[in-house]
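Please walk through this structure from its annotated sites to its strands and helices, keeping the sequence and the 3D view side by side.

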Amino acid sequence: MNTVVTLPTEQVSQMENLGKLNRQIIIILDFGSQYSELIARRIRETQVYSEVLSHRTTSERLRKLNPKGIILSGGPNSVYADHAPHCDPEIWNLGIPILGVCYGMQLMVNQLDGEVAQADRGEYGKASLYIDDPTDLLTNVEDGTTMWMSHGDSVIKMPSGFEVLAHTNNTPCAAIAHHGRKLYGVQFHPEVVHSLGGLALIRNFVYHICHCEPTWTTEAFVEEAIREIRAKVGEKRVLLALSGGVDSSTLAFLLYKAIGEQLTCVFIDQGFMRKLEPERLLKLFKEQFHIPVEYVNARDRFLSTIAGVTDPEEKRRRIGHEFIRVFEETSKRLGHFDYLAQGTLYPDVIESADTNVDPQTGERVAVKIKSHHNVGGLPKDLRFKLVEPLRKLFKDEVRKVGRSIGLPEEIVQRQPFPGPGLAIRILGEVTPERLNILRDADLIVRQEINKNGLYHEVWQAFAVLLPIRSVGVMGDKRTYAYPIVLRIVTSEDGMTADWARIPYNVLEEISNRIVNEVKGVNRVVYDITSKPPGTIEWE
């Protein structure tokens with residue numbers, strides 16, 4: 001998966017403004033690694049702000065951003081291959097500490113007149129790291145600790161002035177440094193959880209080499225977000241797309257704190273919500289939060305919009321497009337609104353990235369995983385200006401923000417639910433019959449996960465309806481009904497996930513209840529696929 005993020009000019013400008021206010025920034029230059037965003041998360045865990053930019057970012061722009069450090073990500077290419085992505089060679093002369101990770105280290109070596117070649121033996125998975133220089137980058141990293149490798153090329157000649165910091169059995173140059181220029185490289189991936197000494201190494205780079213201070217806190221983000229919202233919106237009115245999830249609910253609280261009565265929350269019931277959720281949401285915001293919500297019943301309209309559609313991307317596109325149209329009509333009915341607020345998160349932006357080919361090199365620099373309705377499904381003639389203050393955050397960071405501004409725990413801990421709702425948990429055509437079946441099955445899954453104290457132990461637990469039927473037997477009679485897929489995963493941020501090892505007795509109870517209580521279902525299966533190679537949602 002190649003995911004290179006090139007930020008819009010407006011977002012880069014916001015970063016430059018942030019750089020003027022707060023110099024504690026680490027920039028990650030992305031060379032197509034599936035782990036680039038994970039590096040950003042690990043930096044933020046040290047309470048230092050980080051952002052992912054394209055590897056094409058010029059040294060001039062980096063100088064303006066004035067980061068405390070730069071990290072070069074991994075990537076799927078060989079640095080010596082035709083059209084391999086490179087960075088501006090002037091970055092080595094900025095005087096800013098740089099850490100190259102995997103491909104990033106090989107690029108550093110290659111551009112500074114060292115040599116990289118295909119290794120006699122590749123190195124993938126866990127490897128023991130043996131430390132030759134326990135100072136600086138590897139301070140407090142235990143000798144022999146496990147690090148995660150994923151490379152077929154290796155450094156065979158280091159640039160002038162570099163020395164080896166660590167090695168593995170297969171890789172003589174597993175960590176290198178030019179101490180005087182503060183240039184560092186590691187052949188492994190310190191950002192993944194499998195690298196046991198990875199976080200210590202990252203902290204060394206952030207604190208001891210880049211001399212950052214832990215200023216990226218939830219409180220700092222809230223203050224900055226409120227300033228930015230007020231500066232952007234002024235006296236204009238804002239329409240918020242409220243879904244009841246932690247993202248849009250946190251955004252509602254944040255916006256209400258920033259602009260008060262200028263905010264109008266609108267909940268569009270598109271007919272793809274879980275059982276009883278629209279009623280619960282409206283009651284919660286009215287009686288407990290005291291934030292008014294405009295309710296729009298558009299169930300028939302949305303169902304008609306995707307009638308007969310089986311392609312998941314087309315479903316998302318149509319649902320996203322229809323959302324905007326309904327908001328536009330609601331805006332006219334309630335009075336003029338200049339801004340539309342969305343609870344868009346960083347993973348939404350990353351996974352919605354369109355395939356892009358550089359016209360000069362032919363290099364593919366981004367791959368779209370799936371279009372999130374609030375990103376890839378937006379119409380080109382959108383008349384609203386968007387307000388997306390959570391766009392820089394990961395899900396776990398949004399939860400922290402929610403708590404800090406008073407969002408109740410029942411919302412903060414709510415499991416992620418996709419904007420298109422059950423429409424993308426029904427594979428194939430969405431019909432009223434299939435929606436009712438899935439709603440009933442999904443409710444049982446949630447009830448049993450809650451009853452057994454597992455709700456906060458897993459990232460998501462839900463049901464998927466497949467558009468096929470299989471033979472079964474119930475009451476000595478032949479049945480021909482739908483299967484339900486249980487999808488229960490663990491994750492930290494939604495970028496990667498693993499299937500949850502749920503106790504058999506819980507799975508058994510879920511299965512028994514579904515086949516006995518949900519008419520039209522005679523089979524329950526459990527999805528034991530991780531992400532990657534699968535995604536959490538099926539569509």
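**From the annotated sites to a covered helix**

In this predicted model, C102 lies in the loop that connects β4 (98-101) with α4 (103-111). With a relative accessible area of 5%, C102 is buried, because anything under 20% is counted that way. Setting aside residues up to four places away in sequence, C102 touches G74, S150, H151, V186, Q187, F188 and H189.

One of those contacts, H189, returns in the annotation: the unreviewed UniProt entry places the feature "active site" at C102, H189 and E191. Although these positions are spread over 90 residues of sequence, they cluster in space, with a largest C-alpha distance of 11.2 Å. E191, for its part, is found in the loop between β9 (183-186) and α5 (198-209). Is E191 buried or exposed? Its relative accessibility is 1%, so E191 counts as buried. When its neighbours within four places in sequence are left aside, E191 is in contact with Y35, L38, I39, R42, V101 and I202.

The cysteines deserve a separate look. How many disulfides does a search of the whole structure find? The search finds zero. For C210, the closest cysteine sulfur belongs to C212 and lies 5.2 Å away, which is too far for a bond because a disulfide requires the two sulfur atoms to be within 2.5 Å. Seen from the other side, C212 is likewise in no disulfide, its nearest cysteine sulfur being that of C210. C210 counts as buried at 3% relative accessibility, and C212 is buried as well, with a relative accessible area of 6%.

A second annotated stretch follows further along the chain, where the unreviewed UniProt entry gives the feature "binding site" for S243, G244, G245, V246, D247, S248 and S249. S243 sits in the loop between β10 (238-241) and α7, and with a relative accessible area of 34% it is partly exposed. The side chain of S243 reaches the backbone nitrogen of G245 at 3.3 Å. Not counting residues up to four places away in sequence, S243 touches S248, F267, M273 and L281.

V246, another position of this annotation, is found in helix α7, which comprises residues 246-259. Its relative accessible area is 3%, so V246 is buried. Which residues does V246 contact once its neighbours within four places in sequence are left aside? They are K395, V398, R399, L407, I411, V412 and R414. In keeping with contacts to that part of the chain, the C-alpha atoms of V246 and E410 are separated by 9.2 Å, although the two residues are 164 residues apart along the chain.

Between these regions of the sequence there is a pair of strands to trace. Strand β11 (residues 263-269) and strand β12 (residues 293-297) pair in the parallel sense over five bridges. Within this pairing, C265 stands opposite V293 in β12. The chain passes from β11 to β12 through helix α8 (residues 277-289), and this β-α-β crossover is right-handed. F267, named above as a contact of S243, can be located while following β11, which spans residues 263-269.

The walk ends at helix α12 (residues 395-404), which is mostly covered, with seven of its 10 residues buried. Those buried residues are K395, D396, E397, V398, R399, V401 and G402; K395, V398 and R399 have already appeared as contacts of V246. What covers the buried residues of α12 includes α2 (36-45), α6 (218-233), α7 and α13 (409-412). Helix α7 therefore joins the two views, being both the helix in which buried V246 is found and part of what covers α12. Just after α12, G406 takes a positive phi of about 95 degrees.

Key: Residues are numbered from 1 along each chain as its sequence is written. This is a predicted model: local features need pLDDT of at least 70, side-chain atom pairs count only at pLDDT 80 or more; totals for chains, interfaces and linings use all residues. Side-chain values use heavy atoms; hydrogens and water are left out. UniProt positions are given in the numbering used here, feature names are shortened, and annotations may be inferred rather than shown by experiment. Helices (H or I, at least four residues) and strands (E, at least two) are DSSP runs, numbered from the N terminus. Buried means under 20% relative accessible area, exposed over 50%, partly exposed in between (1.4 Å probe, protein chains only). Contact means heavy atoms within 4.5 Å. A polar contact is a pair of N or O atoms within 3.5 Å; within protein, one must be able to donate a hydrogen and the other to accept it, and residues adjacent in sequence count only if both atoms are side-chain atoms. Two strands pair if DSSP finds at least two bridges between them. A crossover is right-handed if, with the strands pointing away from the viewer, the path from the first strand over the helix to the second runs clockwise.
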